[in-house]
Amino acid sequence: MEFFYTSELKPQGWLKRQLQIQAASLSGNLDKIWRDVRDSAWIGGDAEGWERVPYWLDGFIPLAWLLDDEDMKQRAKKYIDAIIAFQKPSGWICPCKEEEIATYDTWAVQLISKVLTVYYECSGDERIPDVLYRVLFHYYSLLKNGEIKLFGWGEFRWFETFIAIRFLNKCYGEPWIIELARLLKEQGADYLALKERWKRPLNKWTMETHIVNLVMALKAEAVCADVLGLTYKDYTEEMRSILEQYNGTPVGLFTGDECLSGLSPIQGTELCAVAEQMYSCELLYAYTGDNKWAERLELLSFNALPATISDDMWAHQYVQMSNQIDCEKFPGRSLFRTNGEEAHLFGLEPNYGCCTANFNQAWPKFALSAYLYEKTDSTLRIVNALAVPSTLDYEGIRISLDTEYPFKNRFSYRVNAGRSFMFEVRIPEFAEKIEIAGKEYTRLPNGNVKFEFQTGETATITIGYVTTPHFQVRPYDLVTAQCGSLVFSVPVAYEKIMHEYTKDGVERKFPYCDYEYKGVGEWAFAYAGNVLSVSEREVDEIPFPPRILLWS
Ligand SMILES: [Zn+2]
């Protein structure tokens with residue numbers, strides 16, 4: 001299935017509010033306040049010139065276009081203009097000297113290629129296909145002639161290039177494009193050969209157990225099948241289930257601080273991994289159509305993501321934990337295997353700055369995954385993959401979904417069919433007592449419902465279902481309460497202690513300062529019975545609202 005563009009799909013309701021909060025906070029201001037974006041070598045400055053600007057743009061661009069924010073669009077264009085202006089006649093685009101290319105980790109080439117694709121899909125900027133053609137043809141020539149070889153991050157993230165390769169192949173269809181994909185696959189890490197290493201946590205840092213590499217790699221089989229025309233056999237499920245069995249968390253993550261860390265609920269998971277696992281699930285669902293990836297995406301998006309970013313989205317943790325009673329700097333040695341003693345604090349760049357740049361893609365790309373489509377010369381199939389409030393306008397068809405899901409399980413779709421099409425709504429496996437009214441439908445084997453629309457038809461479809469709260473049994477005799485896609489936690493009262501300071505030339509100043517959350521309330525609880533009930537309340541202006549907080 002294909003993704004819609006930002007000109008066709010717009011967030012509404014709580015999802016729009018969430019994106020507006022993001023635009024008003026760190027994401028929407030990194031180019032003003034954070035040296036690694038503001039003064040990046042990508043735009044002629046002297047700060048980091050490798051992954052941070054591309055990471056930021058990968059989220060900032062779709063955010064700007066989803067919200068139709070002219071100022072943000074112009075600021076994104078300023079960066080893209082500067083990046084394009086730097087491109088050498090050879091096609092090389094990264095900010096390093098050409099004589100340094102052989103020792104340059106080309107993860108930056110892979111990443112900027114993806115960002116240029118995202119920029120084109122949002123802006124329609126006609127310069128991009130040619131810029132990207134020259135970037136990737138040069139990359140192909142270097143690899144083919146043996147002038148460079150994949151190593152480091154580029155060796156472990158080779159499949160990320162396939163986003164741009166897919167786009168370029170559609171534009172140009174020249175044989176070297178697929179040949180580049182083959183070269184990358186050949187030289188890149190084969191994750192399935194590494195699986196024995198994921199069964200026991202190491203107290204050392206390795207590329208093979210690095211959590212962000214691993215969750216990025218979940219998409220490798222699907223993008224290879226798509227670009228190289230291979231059969232998708234779902235080896236990915238084997239990979240995922242090993243990671244889950246030995247490193248799983250209740251919200252569908254794997255521990256990684258920052259390498260695989262086992263099953264203890266006090267080990268952390270890096271925020272980059274949350275954003276990247278969401279993106280992998282989005283592509284896996286689009287390319288395989290298998291509902292399990294969309295269900296897993298929901299679990300990550302509604303739990304792992306909001307839990308690790310402050311409500312105003314100015315501060316985030318480097319690592320989150322399932323059982324977290326306190327976010328104070330560890331006295332002495334860190335509890336984490338390879339991270340520092342501040343990695344779980346909320347702040348501008350606790351532990352390391354990658355997540356500051358990379359978390360930006362999570363909500364915007366989630367919003368862009370709400371609907372997908374499949375089209376032939378005569379048929380069109382539109383699938384509502386995520387039942388979140390949004391409006392779709394495509395080829396004269398308008399679909400508006402009014403809902404407060406995942407907080408409430410009631411859905412109202414208003415459909416105006418400017419042309420005939422098949423409309424499918426994904427119904428999660430956990431939905432019970434499903435009620436559908438307003439139009440005739442068919443129930444598909446995967447549980448989805450299907451509606452046929454003829455040209456000129458309009459309808460309001462209402463769907464409702466029940467979700468039953470239940471316990472999820474975890475290792476170490478622990479249980480988690482879950483209902484639908486929501487995993488519940490006990491709110492621990494805490495004091496928020498603000499830290500403003502400058503370190504290594506990076507200023508932390510309110511609102512982009514660091515915070516310790518000092519736990520001051522009861523936190524040791526056990527369930528006394530096995531009956532759970534859920535009570536619904538109004539959805540807050542902040543969709544995932546504040547926990548119990550005492551300022552000090
Ligand atoms: Zn990170």
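Tyr-512 counts as buried in this predicted model, because its relative accessibility of 9% falls under the 20% limit for that class. Its aromatic partner, Trp-314, is likewise buried, at a relative accessible area of 14%. The two rings form a tilted pair. Trp-314 sits in the loop between helix H15 (291-307) and strand E4 (319-320), whereas Tyr-512 belongs to the loop between strand E20 (506-508) and strand E21 (514-519). The pair thereby links parts of the chain that are 198 residues apart.

A further aromatic pair joins Trp-65 and Tyr-119, in an edge-to-face arrangement. Trp-65 lies in helix H4 and Tyr-119 in helix H6 (residues 107-123), so this pair ties together parts that are 54 residues apart in sequence. Both Trp-65 and Tyr-119 are buried. The geometry of these pairs is listed below.

| Aromatic pair | Centre to centre | Angle between the planes | Class |
|---|---|---|---|
| Trp-314 and Tyr-512 | 6.2 Å | 35° | tilted |
| Trp-65 and Tyr-119 | 5.8 Å | 85° | edge-to-face |

The count of aromatic pairs comes to 41. One aromatic cluster is formed by Trp-14, Phe-302, Trp-363, Phe-366, Tyr-405, Phe-407, Phe-411, Tyr-465 and Phe-544.

The zinc ion has as its protein donors Glu-270 (OE), Cys-272 (SG), Cys-354 (SG) and Cys-355 (SG), at 2.1 to 2.3 Å. The angles among the four donor atoms run from 95 to 122°, and the site is tetrahedral. Along the chain, the donors follow the spacing E-x1-C-x81-C-C. Glu-270, in strand E3 (residues 269-270), and Cys-355, in helix H16 (residues 354-358), are 85 residues apart and link distant parts of the chain. Glu-270 and Cys-355 are both buried.

Helix H16 also takes part in the surroundings of helix H2. Seven of the eight residues of H2 (residues 26-33) are buried, so this helix is largely enclosed by the rest of the structure. Those buried residues are Leu-26, Ser-27, Gly-28, Asn-29, Leu-30, Asp-31 and Ile-33. They pack against helix H1 (13-23), helix H3 (35-38), helix H4 (52-66), helix H5 (70-86) and H16.

Six strands make up an open sheet with antiparallel pairing, in the order E2-E7-E8-E9-E14-E11. Strand E2 (9-11) and strand E11 (432-437) stand at the edges with a single partner strand each, so one side of each lacks a neighbour in the sheet. From one strand to the next, the twist averages 15°. Within this sheet, strand E8 (residues 397-403) and strand E9 (residues 410-417) pair in the antiparallel sense over seven bridges. Ile-397 stands opposite Ala-417 in E9.

Terms used:
Residues are numbered from 1 along each chain as its sequence is written. This is a predicted model: local features need pLDDT of at least 70, side-chain atom pairs count only at pLDDT 80 or more; totals for chains, interfaces and linings use all residues. Side-chain values use heavy atoms; hydrogens and water are left out. Donors are N, O and S atoms within 2.8 Å of the metal (3.2 Å for Na, K and Ca); water is not among the atoms, so sites may look incomplete. Four donors count as tetrahedral if all angles lie between 85 and 135 degrees; four count as square planar and six as octahedral if opposite donors are over 155 degrees apart and all others between 65 and 115; anything else is irregular. Helices (H or I, at least four residues) and strands (E, at least two) are DSSP runs, numbered from the N terminus. Buried means under 20% relative accessible area, exposed over 50%, partly exposed in between (1.4 Å probe, protein chains only). Two strands pair if DSSP finds at least two bridges between them. Axes are lines fitted to C-alpha atoms, for helices over the stretch in contact, and angles run from 0 to 180 degrees between N-to-C directions. Contact means heavy atoms within 4.5 Å. Rings of Phe, Tyr and Trp (its six-membered ring) pair if their centres lie within 6.5 Å; planes under 30 degrees apart count as stacked, over 60 as edge-to-face and the rest as tilted.
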